[in-house]
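Let's take a look at how a protein and a DNA strand meet. Have the sequence and the 3D view ready.

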Protein chains: 2
Amino acid sequence: MEAQRLRKIDPQEKVRAVLTTARRLFVEHGYHSVSIPMIVRESRVSTGAIYHHFGNKEQLARRIYDETLSEFQEMLEQRLTGQADVLSQLRAFGKLLVDVAQSDPEMMRYMLFLNHGEFLSSCPPICSSAPFRWVQETIRNGVADGTLRSDHPFVAAASFIGAILRTIELNYQGVIIEPLDTLISPILDHALRAVRA
Amino acid sequence: MEAQRLRKIDPQEKVRAVLTTARRLFVEHGYHSVSIPMIVRESRVSTGAIYHHFGNKEQLARRIYDETLSEFQEMLEQRLTGQADVLSQLRAFGKLLVDVAQSDPEMMRYMLFLNHGEFLSSCPPICSSAPFRWVQETIRNGVADGTLRSDHPFVAAASFIGAILRTIELNYQGVIIEPLDTLISPILDHALRAVRA
DNA sequence: GTCTATAGCCCGATAGAC
DNA sequence: GTCTATCGGGCTATAGAC
């Protein structure tokens with residue numbers, strides 16, 4: 001039939017195209033500046049198909065949010081297997097942040113810069129997501145066993161992560177021009193010095 | 001005359017009302033979610049008056065950006081007078097951030113969370129503004145005179161500021177619940193440990 | 001499932017009286 | 001300088017053919 005011939009073989013391919021295109025556009029222009037017609041043009045998927053698969057713009061954004069976070073969570077779990085002590089665990093986490101920042105800047109920018117709460121109703125801030133709660137827990141353990149030192153483990157966790165993320169931010173903004181992988185050692189050095197005993 | 005009677009005594013009062021109202025709304029909802037009619041309602045200044053004084057929405061945003069940054073810069077200069085050595089200068093800077101975060105959260109949120117580049121064409125990122133360039137310079141000096149230690153002063157500066165700002169962020173997001181002024185000592189402690197010799 | 005066409009809404013900005 | 005009324009445009013979301 002005619003309709004049959006026009007139908008794409010795999011609908012999931014379109015879904016995927018919309019998800020990746022929309023995330024890129026959200027990162028580049030911000031959620032509110034990205035219109036559905038814009039996503040239609042760049043993804044080459046029609047308005048009707050988008051609304052069919054995602055319902056509305058906010059649900060599309062929510063799906064991108066969920067998938068990005070669980071992808072990151074998965075990478076973290078992979079990197080953590082076999083890291084026994086607190087210090088090498090924190091190093092693995094920091095290295096993951098830097099690696100992602102370099103190999104997939106779009107993902108990192110998405111997690112760093114988008115105020116998801118601004119357009120996703122009742123979405124937990126990124127810092128309360130599993131990976132970042134894991135850091136808080138790890139640092140609490142490190143303080144307990146004497147590897148780390150802090151009067152206030154939450155402040156310690158914030159300092160550790162903040163030191164790394166801020167460096168990544170400044171790299172993105174062109175203030176720090178060296179490629180991030182050449183900076184991995186000073187980055188981890190400063191971040192760990194903020195918390196270790 | 002009738003027109004005379006209806007005219008407010010001080011036009012600058014209206015300008016001020018628009019500036020403070022708009023900044024509050026930008027912080028609460030994000031630039032793109034704030035409409036002119038919304039500003040009109042909340043500031044009780046008419047559409048016509050707003051366009052008369054500011055030209056358009058972007059110029060209004062730019063004026064808020066400029067005034068906020070120079071206000072912060074002024075506060076910093078005040079706090080720095082009389083701080084001789086690098087360590088007490090950095091402490092003064094950190095304490096300023098924490099003080100502002102607590103006494104004027106709207107100003108801090110404005111500087112921290114708004115992606116100004118997203119709606120202000122060719123606006124320098126906050127991190128390149130005078131106060132933050134000052135930190136970079138100060139840390140370079142500290143490394144030179146041996147007070148601080150770093151292979152890469154830019155990374156050191158990013159770590160120092162990042163440690164503090166991230167803690168403030170987590171406080172705003174309810175992860176760290178203690179009032180910030182009770183945390184000033186662990187905050188400065190962690191941030192300085194990241195960079196000192 | 002996918003498309004095109006368009007309804008319906010609200011926004012930024014302007015016009016023109018006062 | 002300040003107001004109200006309104007225009008043109010672009011948006012989200014829907015309708016209905018295929």
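How far from a phosphate oxygen of DNA strand D does a polar side-chain atom of B:Lys14 lie? The distance is 3.3 Å, and here it is next to two similar pairs, each a polar contact (a pair of N or O atoms within 3.5 Å).

| Residue and atom | Partner | Distance |
|---|---|---|
| B:Lys14, polar side-chain atom | phosphate oxygen of DNA strand D | 3.3 Å |
| A:Lys57, polar side-chain atom | phosphate oxygen of DNA strand D | 3.2 Å |
| A:Ile36, backbone N or O atom | phosphate oxygen of DNA strand D | 2.7 Å |

A quick note on the model: it's predicted, so local features need pLDDT of at least 70 and side-chain atom pairs 80 or more, while totals for chains, interfaces and linings use all residues. Residues are numbered from 1 along each chain as written, chains are lettered from A and ligands numbered from 1 in written order, and side-chain values use heavy atoms, without hydrogens and water.

Now step back to the whole DNA surface. 15 residues surround strand D, with A:Tyr51, B:Ser46 and B:His53 among the closest; "near" here asks for a heavy atom within 4 Å. Of the strand D atoms that come within 4 Å of the protein, 62% belong to sugar and phosphate. The largest share of this surface, four residues, comes from α4(B); helices like this are DSSP runs of H or I, at least four residues, numbered from the N terminus.

Methods. Polar contact = N/O pair within 3.5 Å; in protein donor to acceptor, adjacent residues only side chain to side chain. Helix = DSSP H or I, 4+ residues; strand = E, 2+ residues; numbered from the N terminus.
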